[in-house]
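Colleague: Could you walk me through this one? I'd like to start with the packing and then move on to the charges.

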Amino acid sequence: LARIATRPNLDHWLADAIVSSASSHAETISAQMLSATSEDPNFLTSSRLDLLQRLLATAQHQGQPISDLAEATLASPDLKLDSRLRLAECVIGAARAAKSDVSSLSKVLRPLQKSAQNIAADTQQSELTRCRAVSLIGVNVDAGDAEAEFLLSLLNPSAPVSVQCEAIDALLRQNDSDCLDNVIGRWQSLSRSVRDHLVQSLLSRRRSTERLLQAIQSEAIGVNEISLSAREQLLKTGSRSMRVKAQRLIKSAGSKERGLLVREYLAQFTPDARQPESGRLAERDRGRMLFQKHCATCHSTDPSVAAIGASLSNLSNRTDVALVESILDPNRAVEPKFQSYIVQTDEGKTLVGVIESEVGDSLTLAHADGKRTTIRRDRLERIKSSGTSLMPEGFETTLSPEQLQAIVRYLQH
């Protein structure tokens, strides 16, 4: 079985056959594979790593400490650092698959963890290698330790999204209140993609979900700063007391003054059915012209246009209330992807816009004037969410109830 496991043409069929036959030989086969790894740096293919992880998990289940098996290979100076990181990832995965305490690997992983910090901070390394290093650093981290502080330092706009997300996962795995508080404390400086990942991670555990609700209650995180799907999850999952709390927090979002303004405008609307056909057509035409003047820079009714703001071609709710509320109270229920960020570069420039995309080592901001700016991450000095929509408040100063009604009727037809 060990000879088959080290064959160059190993496929998943052979790997499955080895695992199913190796219940009493997992330790021996794992040792042979680890020995082959030390002899041949190119031995660690993805298929072999997957097989090795499954065999190590089986060995751990049988009471054979996998740290003893992997120690010599992980410390081998002949093995490239990236290969040692991949092997460490494999060993950690095996321990978790066997439901073993990963902290038992601390001794064997500690020397490699020290090198991992340099790799994680090295912008010349690939994102995948940096993520592996971050994952390794996150094994058995205690709040307040230098490792935890280092992981928190990676939550900055100059680091790729994948590295920041890996750092969040490593910190949250500790299930420690201080780690939770420290990560949430960085909320304002996290980009939209990283925020989405953080919220989903928080929602995956009851304790961290409760902490998310506390953050919303204290306004450290705004309701309109989390996605609609996340809000829905808060309303429908967890204990009854958590669901009640979520409903109270989510329903109370929005400005009372803005809500009063919305009601005042709606009170002056004339039902469409009361107007003759010619009047309705004329009103929609006025609405089209007003839309072009006040809204078309960011929005479009044409689905083929890449607009900065929300697409208006497939609105699911076109009622008077929904449209007027979205125009006069844009921060009430804005999706996170349409919230604006304030970005400062190392050249001293300050830019404001929504984060339209985050790809590798750069991000693209879309501005309210319709223009876009792409910035390399290594030029980012600071990034902070405004907590508000890119769409401004104050249309009541430029649009009368009659004019706003014309825009609404245009969008409804």
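Modeller: Bear in mind that this is a predicted model. The largest nonpolar core has 85 residues, and within that core Leu105, Leu109 and Leu234 touch the most other members.

Colleague: What is leucine 234 in contact with, leaving aside its neighbours within four places in sequence?

Modeller: Leucine 234 contacts Leu203, Thr209, Leu212, Leu213, Ile216, Ile226, Arg243, Ala246 and Ile250. Apart from the largest core there is another one, made up of 20 residues, including Val262, Phe269, Leu290 and Ile407.

Colleague: And aromatics, how many pairs does the structure hold?

Modeller: There is one aromatic pair. It is formed by phenylalanine 291 and tyrosine 410, whose ring centres are 5.6 Å apart and whose planes meet at 50°, so the pair counts as tilted. Because phenylalanine 291 sits in helix H17 (residues 277-294) and tyrosine 410 in helix H19 (residues 401-411), the pair ties together parts that are 119 residues apart in sequence.

Colleague: Are phenylalanine 291 and tyrosine 410 buried or exposed?

Modeller: Both phenylalanine 291 and tyrosine 410 are buried.

Colleague: Switching to charges, how many salt bridges are there?

Modeller: The count comes to 15 salt bridges. One of them joins the side chains of glutamate 396 and arginine 258, at 2.7 Å from N to O. This pair links distant parts of the chain, 138 residues apart, with glutamate 396 in the loop between strand E5 (380-389) and H19, and arginine 258 in helix H16 (residues 256-267). Glutamate 396 is partly exposed at 24% relative accessibility, whereas arginine 258, at 13%, counts as buried.

Colleague: Which residue does glutamate 210 form a salt bridge with?

Modeller: Its partner is arginine 206, the closest N and O atoms being 3.3 Å apart. Glutamate 210 and arginine 206 are four residues apart in helix H13 (residues 206-217), so about one helical turn separates them. Glutamate 210 is partly exposed, with a relative accessible area of 31%, while arginine 206 counts as exposed at 53% relative accessibility.

Colleague: What about glutamate 166, which is buried, and where is that residue's nearest side chain of opposite charge?

Modeller: Glutamate 166 lies in helix H10 (residues 161-172). The nearest side chain of opposite charge is that of arginine 173, 4.5 Å away, and glutamate 166 has no salt bridge. The cut-off explains this, because a salt bridge needs a side-chain nitrogen of Lys or Arg within 4 Å of a carboxyl oxygen of Asp or Glu. Not counting residues up to four places away in sequence, glutamate 166 touches Cys131, Val134, Ser135 and Arg173.

Note on methods. Residues numbered from 1 in each chain as written. Predicted model: local features only at pLDDT ≥ 70, side-chain atom pairs only at ≥ 80, totals over all residues. Heavy atoms only, no water. Helix = DSSP H or I, 4+ residues; strand = E, 2+ residues; numbered from the N terminus. Buried < 20%, exposed > 50% of the residue type's maximum accessible area, 1.4 Å probe, protein only. Lys, Arg positive; Asp, Glu negative; His and termini not counted. Contact = heavy atoms within 4.5 Å. Phe/Tyr/Trp six-rings, centres within 6.5 Å; stacked < 30°, edge-to-face > 60°. Core = buried A, V, L, I, M, F, W, Y, C linked by side-chain atoms within 4.5 Å.
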